[in-house]
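I opened my notebook to follow how protein and DNA meet here, and to look up one residue away from that question. The entries below follow the order in which I looked things up.

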There are 2 protein chains.
Amino acid sequence: MGRPTMNDVAAEAGVALKTVSRVVNDERGVNPATADRVRAAIERLGYRRNDSARTLRRGRTASIGLVIEDAADPFYSGLSRAVEDVALRHGYLMFTGSSSEDPVRERDLVLAFCARRVDGLVIVPAGADHEYLTPELDAGISAVFADRPSGSGRDLDTVLCDNAGGARAGVAHLIAHGHRRVGFVADAPSIFTATQRWYGYRQALDAAALPYDPALIAMGPPEPARVEADVTRLLALADPPTALFTGNGRTTVATLRALDRPVALVGFDDFELADLLGITVVAQNPAGLGTAAADLLFSRLAGNREPAQRRQLPTRLIPRGSGEGAFRLL
Amino acid sequence: MGRPTMNDVAAEAGVALKTVSRVVNDERGVNPATADRVRAAIERLGYRRNDSARTLRRGRTASIGLVIEDAADPFYSGLSRAVEDVALRHGYLMFTGSSSEDPVRERDLVLAFCARRVDGLVIVPAGADHEYLTPELDAGISAVFADRPSGSGRDLDTVLCDNAGGARAGVAHLIAHGHRRVGFVADAPSIFTATQRWYGYRQALDAAALPYDPALIAMGPPEPARVEADVTRLLALADPPTALFTGNGRTTVATLRALDRPVALVGFDDFELADLLGITVVAQNPAGLGTAAADLLFSRLAGNREPAQRRQLPTRLIPRGSGEGAFRLL
DNA sequence: TTGAAAGCGCTAACAA
DNA sequence: TTGTTAGCGCTTTCAA
């Protein structure tokens with residue numbers, strides 16, 4: 001038997017299909033008495049509008065797709081929640097998917113969302129190539145990049161945080177506290193944000209006329225084991241760093257685990273309990289990133305046809321001890 | 001002009017609509033040469049199947065809805081990611097929504113998902129009343145409750161963790177280390193898990209023949225400020241607790257912030273850096289909860305018609321110092 | 001192996 | 001104020 005349809009309701013109420021549609025959609029111009037009869041029939045049958053059919057007919061699905069790296073990562077879950085709130089405020093529902101930093105999975109998710117005819121997309125790019133988006137954009141789907149830009153494809157709205165500036169400020173802070181050998185621990189250079197933060201690190205050294213020593217650089221896969229091994233290696237150098245700058249929240253946490261002695265430390269990304277632990281950080285704002293990206297997306301959905309924007313959100317240095325003295329747990 | 005449709009492809013390839021459908025869906029019985037011609041037309045036009053139309057016709061949308069409390073909370077984001085992974089493995093997409101612990105918002109989200117005709121739902125109930133689900137269930141939508149049961153409505157599959165048992169073990173651990181006055185800090189009793197954990201707390205006291213002192217109970221809204229005030233109040237008692245048991249991750253963190261002296265502490269929920277801080281916890285498994293709930297849901301979608309199950313996942317006590325001695329940061 | 005026709009449940013356009 | 005008709009893009013059924 002399946003669910004009751006508008007037709008069933010119409011039959012039950014003794015009116016035409018279109019009248020039911022009018023009532024369901026609160027269109028004006030329906031006799032109150034008729035409307036009541038329709039509503040009674042709806043109640044009796046347990047009717048609920050099929051939004052799938054509705055959106056097929058109207059050409060807009062009132063849904064967006066969000067592709068992040070990992071829904072379980074606090075940074076991206078904060079971003080996700082912010083996007084969701086904006087979407088709901090606009091009466092949109094949101095599909096979510098995690099790319100696991102895999103460009104193929106990113107593409108598959110995005111295209112699956114497009115096949116469902118989402119009206120728009122917020123994408124944290126895992127890959128640099130977004131040529132695959134072109135037919136979708138041509139077809140009228142809007143897309144915004146968040147946290148990282150695309151390396152190819154059409155120029156699209158992009159919301160980033162000030163990665164280089166933030167890293168520069170963090171490293172400069174360490175230098176200002178007397179450090180001349182600062183280690184840099186971060187994700188692999190293939191990740192946009194890692195490379196940007198590395199630029200910032202270099203800029204801070206340059207500004208202080210300090211030499212750049214490749215031996216102090218530890219970039220690689222985000223696995224904690226790799227980070228811990230790299231930190232141990234750095235600290236075992238003949239001329240070890242007296243301070244470390246870590247490239248994101250995950251890396252900072254893994255680094256903390258690997259420290260066998262007090263070391264000055266500034267980390268990119270704030271994280272829960274960093275304040276209690278006394279970790280100096282360069283904070284970015286995941287929710288702000290999500291809100292900005294979603295706002296931009298909905299302005300496009302509302303008809304905004306201006307050229308693509310690139311927005312950059314500021315970071316904030318929060319001194320808590322580890323960057324001014326050294327981090328020590330006990 | 002909009003996107004090309006199957007009809008456009010058919011015209012371009014000089015075949016009938018149905019032939020295009022066959023090729024797009026990899027149905028057998030198409031002449032390879034014809035298929036190639038169709039594929040070429042698809043390529044030329046940038047055609048992509050409209051899954052909205054497809055699912056309307058087929059009656060299944062291959063999508064599920066997930067309603068959690070807050071996508072930004074590490075516990076629920078872990079659960080969310082696990083559900084997503086199971087869904088994707090089955091070729092399903094997932095809508096996500098955060099209820100913010102508001103029963104009305106939960107209902108609105110669930111019904112919005114139902115209007116999109118999701119095939120199934122995983123719900124972390126914010127409210128206790130789920131009568132509103134009945135028409136949807138009658139219409140064939142499957143639903144599974146995770147983390148908390150429903151208080152009303154039809155008996156549905158439910159996946160919980162062993163809240164009472166975990167709390168009992170945690171409090172017994174404190175008692176075994178000599179504590180006779182243990183404070184209990186948790187969410188409001190309206191939250192199922194908080195009440196269950198309070199039961200466990202009482203059971204542990206009873207088992208040790210210790211008196212239950214209402215003055216040691218601090219349950220209330222999840223706001224950090226409330227928790228901090230309550231902890232301060234407990235510690236200021238004439239006969240203060242020598243140990244605290246905290247009811248979830250958020251509460252534990254807020255409690256840590258409020259401590260002005262070393263206190264023995266065991267918290268429900270593991271959380272990032274708890275190991276570094278030396279916090280003894282009763283760990284549950286958010287991803288396990290999500291996986292179990294999603295597996296149950298997909299078994300229903302596959303046709304499983306057995307009576308509703310209630311599954312309970314075990315917890316694990318992890319001693320790290322704060323429960324054996326006392327928590328101290330410096 | 002291929003195609004024509006009907007219809008999923010709804011809304012848009014146009015009568016009456 | 002109400003209803004009729006067509007059709008969104010696809011799959012299903014049945015026929016050729």
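Before counting anything, I fixed a cut-off: a residue is near a strand if one of its heavy atoms lies within 4 Å of it. I also noted that this is a predicted model.

**Entry 1, DNA strand D.** I took the atoms of DNA strand D within 4 Å of the protein and found that 63% belong to sugar or phosphate, while the rest belong to bases. Which residues come nearest to this strand? Of the 24 residues around DNA strand D, I listed A:Thr34, A:Arg57, B:Met6, B:Lys18 and B:Tyr47 as the nearest.

I then looked up the phosphate oxygens of DNA strand D, and noted that one is 2.6 Å from a backbone N or O atom of B:Met6. A polar backbone atom of A:Ala16 lies 2.8 Å from a phosphate oxygen of the strand, and for B:Arg54 I found an N or O atom of the side chain at 2.8 Å from a phosphate oxygen.

For the surface near DNA strand D, I wrote down α2 (17–24) and α4 (51–58) of chain A, and α2 (17–24) and α4 (51–58) of chain B, each of which supplies at least two residues. The most comes from α4(B), with four residues. By type, I sorted the residues of this surface into eight nonpolar, eight polar and eight charged.

**Entry 2, DNA strand C.** Here I found 24 residues around the strand, of which A:Met6, A:Tyr47, B:Thr19, B:Thr34 and B:Arg57 come nearest. Of the atoms of DNA strand C within 4 Å of the protein, 65% belong to sugar or phosphate and the rest to bases.

I noted a phosphate oxygen of DNA strand C at 2.5 Å from a backbone N or O atom of A:Met6, and a phosphate oxygen at 2.9 Å from a backbone N or O atom of B:Ala16. At B:Arg57 the partner is a base nitrogen of DNA strand C, 3.1 Å from an N or O atom in the side chain. Two or more residues of the surface near this strand come from each of α2 and α4 of chain A and α2 and α4 of chain B, and α4(A) gives the most, with four residues.

**Entry 3, A:Gly323.** Is this residue of chain A, found in the segment after β12 (316–318), buried or exposed? I recorded A:Gly323 as buried, because its relative accessibility is 0%. Leaving out residues up to four places away in sequence, I found that A:Gly323 touches A:His173, A:Leu174, A:His177, A:Leu265, A:Val266 and A:Thr280. The C-alpha atoms of A:Gly323 and A:His177 are separated by 8.0 Å, although these residues are 146 residues apart along the chain.

Terms used: Residues are numbered from 1 along each chain as its sequence is written. Chains are lettered from A and ligands numbered from 1 in the order in which they are written. This is a predicted model: local features need pLDDT of at least 70, side-chain atom pairs count only at pLDDT 80 or more; totals for chains, interfaces and linings use all residues. Side-chain values use heavy atoms; hydrogens and water are left out. Buried means under 20% relative accessible area, exposed over 50%, partly exposed in between (1.4 Å probe, protein chains only). Contact means heavy atoms within 4.5 Å. A polar contact is a pair of N or O atoms within 3.5 Å; within protein, one must be able to donate a hydrogen and the other to accept it, and residues adjacent in sequence count only if both atoms are side-chain atoms. Ala, Val, Leu, Ile, Met, Phe, Trp, Tyr, Cys and Pro count as nonpolar, Asp, Glu, Lys and Arg as charged, and the others, Gly among them, as polar.
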